[in-house]
Amino acid sequence: MSEGECATAGTTIVSSLTEAPGAARPARRAWLVDLLLLASLWGASFLFMRIGAAEFGALPTAAVRVAIAALFLLPLLFARGQWPALRQRWKPALALGILNCGLPFAFFSFALLTVNSGLAAVLNATTPMFGALVAWAFFGDRPGGSRSAGLVAGFAGVAMLASRSAGFHSGADPTAALWAIAACLGACICYAFGASLTRKHLTGVPALATATGNQIGATLMLALPAWWLWPAHMPSLHAWLALVAVGTACTGLAYVLYFRLIESAGPARALTVTFLVPVFALFYGAVFLDEQITPWMLVCAAVIVCGVALSTGMVVLGRRRPAAATASRPPPR
C-alpha cells in the first residue's frame, strides 16, 4: 500500500474508529467494511515491516512501530474522552499488549529478514487455527471431526511451505528459514492467546482504549531491547517512512478496527481477517517489492486456508452448518 493510499484509508475511517460505543451504525455493512479495511492495512504491514527491518533490525522495527502507534492513538484517546476507561483497566490493557503486539511484531520483523512478505502473511493465516487450539486446550472447546481434520490440514500446509524454498530470500540459509517460519508461527500463537484473553479481560472497554493500552504496553516491553540493538548507522528516510506508515495506519488505525471486531463479533470472527490478509500482502509484495508468487506457495496457501476454515468451524464436512450455530453468534453492532 502506498503512502497516499494509507492516508486516504486513515481519513476515511478515523472518525468511525473513535465514535462513541453506542453510536448507531448499519451492523452488517459496518462489519464488512471493518473486515476489508483491516485486511488491507495488515496486508500492507508485512511490506512495510520488511522494508524497515532490513535497516533497523527486528526488535527496533517492532519497537518503533508500536511507539509511533501509541503516539498516534493517545491524542485520539483524550479527544474522545476515553482516558478514564483505559485508566480503569490499564493493567490488563498494557499486559495484553505483549501478546497482541510486542512479541508478534518482533517475531514477524525477525522472520521478514529471511522470508518474503507474502509467505509471512500466508503463515499469519494460521492464526485462527491456533485460536481453535487455544480454545480447546484452555477453554474446553473440544474440536469435532471436521475441526480436527482442519487442524491436521493446516499444519500439513505449513509443513509443505517449510519443505521448499519458495518465498525465502535468495541465498537464505535453510536453518535461518526454518527459524523464520517458527517465528511466524510463534506470532500466530501469541495472537491466538491475545484474542481470547482480550475478550475475557477487556470486554466492555472501548476499542480505542484497548488499542492504545496495548501499544503503550508493547512499547514499554520493547524499549530497552530496541535501545540495546539500535543500528549503528542511521536508517534511511525510506525506512523511517515505512515504519511511520506501519505505525499509524497498519497498527494504530488497524488495531482499533481489530478490537472493535473482537468486542462486537467475538475473537473467532475477528481472527478470520487473516483469510484476506495474504491476498493483499501477496499483491503488495509482487507490485512494490517484485516478490515472486510461485504455484507452490498458492497450493500451500490453499491447503492452509482450507485447514483454517475447517478448524474454526466455518466449514463442516458432511453436513450443512446448523442455523442455530449462526444465530448463537454475538450480533455485530
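**Internal cavities and the helices around them**

The lining of the second largest cavity comprises 4 nonpolar, 3 polar and 2 charged residues. The model analysed here is predicted. About 60 Å³ of space lies in this second largest cavity. Its lining is made up of Thr198, Arg199, Leu202, Thr203, Val205, Thr210, Phe259, Ile262 and Glu263. Two or more of these lining residues come from each of α9 (174-201) and α11. The largest share, 3 residues, is supplied by α11.

In total, 3 cavities of 30 Å³ or more were counted. The largest has a volume of about 140 Å³. It is lined by 14 residues. Nearest the centre of the largest cavity lie Trp42, Phe108, Asn124, Tyr191 and Tyr255. The lining of the largest cavity divides by class into 9 nonpolar, 4 polar and 1 charged residues. At least two residues of this lining come from each of α2 (27-56), α5 (90-111) and α11 (237-265). The largest share comes from α2, with 4 residues.

Helix α11 thus appears in the account of both cavities: it supplies at least two residues to the lining of the largest, and 3 residues to that of the second largest. The nonpolar core involves this helix as well. The largest nonpolar core holds 90 residues, and Tyr255 and Tyr258 touch the most other members. To this core α11 gives the most, with 16 residues. Tyr255 is also one of the residues nearest the centre of the largest cavity.

Helix α5, which contributes to the lining of the largest cavity, was examined for its geometry. It has 22 residues. From first C-alpha to last, α5 reaches 31 Å, close to the 32 Å expected at 1.5 Å a residue. The helix nevertheless contains a kink of about 40°. The kink in α5 is centred on isoleucine 98.

Leucine 96 is also found in α5. Leucine 96 counts as buried because its relative accessibility is 7%, and buried means under 20%. Leucine 96 lies 118 residues from asparagine 214 in sequence. In space, the C-alpha atoms of leucine 96 and asparagine 214 are 6.1 Å apart.

Definitions and conventions. Residues numbered from 1 in each chain as written. Predicted model: local features only at pLDDT ≥ 70, side-chain atom pairs only at ≥ 80, totals over all residues. Heavy atoms only, no water. 1 Å grid on protein atoms, 1.4 Å probe; cavity = no way out; pocket = protein on both sides within 12 Å on 5 of 7 lines; lining within 4 Å. Points joined across faces, edges and corners; volume = space filled by probe spheres on them. Nonpolar A, V, L, I, M, F, W, Y, C, P; charged D, E, K, R; others polar. Expected span 1.5 Å × (residues − 1). Bend = angle between axes of the 7 residues up to and from the residue. Core = buried A, V, L, I, M, F, W, Y, C linked by side-chain atoms within 4.5 Å. Buried < 20%, exposed > 50% of the residue type's maximum accessible area, 1.4 Å probe, protein only.
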